[in-house]
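Dear colleague,

Please find the structure below, handed over for your own examination. My findings follow directly after it.

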Amino acid sequence: MAQLVEPAPAAEDAPPPRRRLGRRQRRRLVRGVQYLVFIAAVLTVALAADWGRLADAFFRLDIARSMFPDVVLVALRNTVIYTLLAFAFGLALGMVLALMRLSSVAPYRWAATGYVELFRGLPALLVLFMVGYGIPLAFPEREIPGGVYGSVMIGLGLTAAAYMAETIRAGIQAVPKGQMEAARTLGMSYTWAMISIILPQAFRIVIPPLTNEIVLLTKDTSLAYVLGVTAGTIELTKFSGDVLNQRVNPTPLVVAGLLYLAITLPLSQLVRRLELRAARAR
Amino acid sequence: MNAISIQGLHKSFGPVEVLRGIDLEVRYGEVVCVIGPSGSGKSTLLRCVNLLEEPSHGSIHVGGVEITDPDCDIDRVRRRIGMVFQQFNLFGHLTVRDNLTIAQRRVLRRSRAEANRVAMENLDRVGLTAKADAYPAQLSGGQQQRAAIARSLAMGPELMLFDEPTSALDPELVGEVLAVMRGLVADGMTMMVVTHEMSFAREVADRVVFMDGGVLVESGPPADVLGAPREARTREFLHRVLEPTRVSEEEIEAHHPA
């Protein structure tokens, strides 16, 4: 409780104040300690590490140079292609699942809920395995179109769809109910109102989380190796792993890591911008 | 034939009966204001007229078509009924112009030029031609509500429903919306208005309907219902609405026993 009593004016003969720090001084001290701890931690790691051996192991320029241009023209390109294919497949399926979850037909809701729970609970690696080896067993006469590309698209897309379905459903539900009512009172059918009024607004809401999903998918493409990729379909992780085995040196991992970051950092930055813009629009 | 004809209308939300037997006729060209305390079912009544709420019992005819018939093509009937909401409900991702043209083009199949012409006519009617290319978020509440009225008018409705059109507005913005509505009355539009604006009701309504507890308590010309109410419930409601500073604590306790 704030006291409304005026503080007594300091009397001439009052005892000298105890040597306590003022509020501002204390705050400055606390912040100073935080900086010190941080610098000490960084210095400890920097001094304790054997930089010479690290550089020898992870930063061999000759090995890094030998990976180019294939690491970009083939491996990075395939990583991007796998990501985009899986994202497109996941988005389409996630969209259908989201609408099923909001359907008035109960079996649709059950099926969609079951799917989402199942695929969110399974490791992506396992799903990829099952698609890569299960589908060919189940349909021996038919092949997944696109070979490894098709398998990765479906294998990673199935999992991504489960996550995206939940995101899109939340987005649709975040559009105020009055929007649908207004559209219906103007004579639009439910379907038209959904397509032209609700979904465009829902997508604006879910663009940041969906972009995040691309970041996750980019990293998940490293699982493609389980399908037995060839020289033409190889992606970043497998490519650098192969070089690592040939040269018995982990430099390729650093190269691969930097190339992943070249994709994911700009995307993360984009997400942050979009979120800021959305926050301002509200 | 009446514009709206409601017979024996009941509506329940689960165990709660919100409307308990409403009979109401609205003639073409008539302006009916529905007043009553919150929770009296007046908004639900209005929303039943274009089937935003599905009635539990009873029948509703709009322009001679029974909309409570399960085989009725409600999208067709709704084209003839304009509706204005408390929260405006403009489409946030579209400009004002597109808000006015989207349903004209998709539902009435008008050409782009035709839809645009009708849109601008109606924006002119509500004094918003300058804001045609603005987005709803860039408009004040009063401007948004006027745009929402224009959006309904662009469909060429035979009657208009207003669900507390000024309740979400800052006090200084109420006037501009009421002015637009007064213009519609002057043009002879059939209107059913749920409102708390008693002076508006007194001035423009042909008939005022007082609702309480899901039934019509009293109905008649505004001078009678607002000026000399017959029912005690009407008198008490008007006393509280028109003279809120005069309501004593005893009166409140008498009607809301603990």
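In this predicted model, the largest nonpolar core comprises 53 residues. Those with the most contacts inside this core are B:I4, B:I6, B:L45, B:L161 and B:M192. Helix 9 of chain A, residues 190–220, provides the largest share of the core, with 6 residues. A second core, separate from this one, has 45 residues, including B:A134, B:A147, B:V204 and B:V217. As general background, nonpolar side chains in soluble globular proteins tend to be buried together.

B:L45 deserves a separate entry. Leaving aside residues up to four places away in sequence, B:L45 touches B:I6, B:L9, B:L19, B:I22, B:L24, B:M192 and B:M211. Two of these partners, B:I6 and B:M192, are also listed among the residues with the most contacts inside the largest core.

I turn next to the interface of the two chains. Chain A contributes 17 residues to the contact and chain B contributes 22 residues. About 1,700 Å² is buried between chain A and chain B, and carbon and sulfur atoms give 60% of that area. On the side of chain A, the residues that lose the most area to chain B are A:E181, A:T185 and A:L186, which together account for 35% of what that side buries.

Polar and charged interactions also cross this interface. There are 7 residue pairs in polar contact between chain A and chain B, both residues of each pair being at pLDDT 80 or more. Helix 8 (177–185) and helix 9 of chain A each supply at least two residues of the side that touches chain B. Of these elements, helix 8 of chain A gives the largest share of that side, 7 residues. By residue type, the side of chain A that touches chain B divides into 7 nonpolar, 7 polar and 3 charged residues.

The rule finds 2 salt bridges across the interface of chain A and chain B. A:R184 and B:D75 meet through their side chains in a salt bridge, at 3.2 Å from N to O. In addition, a network of salt bridges links A:K177, A:E181, B:R47 and B:E53. A:E181 thus appears both in this network and among the residues of chain A that lose the most area to chain B.

Over all chains, the search of the whole structure finds 24 salt bridges. Three pairs within chain B may be of interest to you.

The pair B:R207 and B:E30 forms a salt bridge whose closest N and O atoms are 2.9 Å apart. This pair links distant parts of the chain, 177 residues apart: B:R207 is in strand 9 (residues 207–212) of chain B, and B:E30 is in the loop between strand 2 (16–26) and strand 3 (31–35) of chain B. B:R207 counts as buried because its relative accessibility is 16%, and B:E30 counts as buried because its value is 4%.

B:E121 and B:R117 form a salt bridge through their side chains, at 2.5 Å from N to O. Both residues lie in helix 4 (residues 112–125) of chain B, 4 residues apart, about one turn of the helix. B:E121, at 45% relative accessibility, counts as partly exposed, and B:R117 is partly exposed with a relative accessible area of 43%.

Finally, the side chains of B:D212 and B:R233 meet in a salt bridge of 3.7 Å, N to O. B:D212 lies in strand 9 of chain B and B:R233 in helix 9 (residues 232–242) of chain B, so this salt bridge ties together parts that are 21 residues apart in sequence. B:R233 counts as partly exposed, at 39% relative accessibility.

With kind regards

Technical notes: Residues numbered from 1 in each chain as written. Chains lettered and ligands numbered in written order. Predicted model: local features only at pLDDT ≥ 70, side-chain atom pairs only at ≥ 80, totals over all residues. Heavy atoms only, no water. Core = buried A, V, L, I, M, F, W, Y, C linked by side-chain atoms within 4.5 Å. Buried < 20%, exposed > 50% of the residue type's maximum accessible area, 1.4 Å probe, protein only. Contact = heavy atoms within 4.5 Å. Buried area = accessible area lost by both parts, 1.4 Å probe. Salt bridge = Lys/Arg side-chain N within 4 Å of Asp/Glu carboxyl O. Polar contact = N/O pair within 3.5 Å; in protein donor to acceptor, adjacent residues only side chain to side chain. Nonpolar A, V, L, I, M, F, W, Y, C, P; charged D, E, K, R; others polar.
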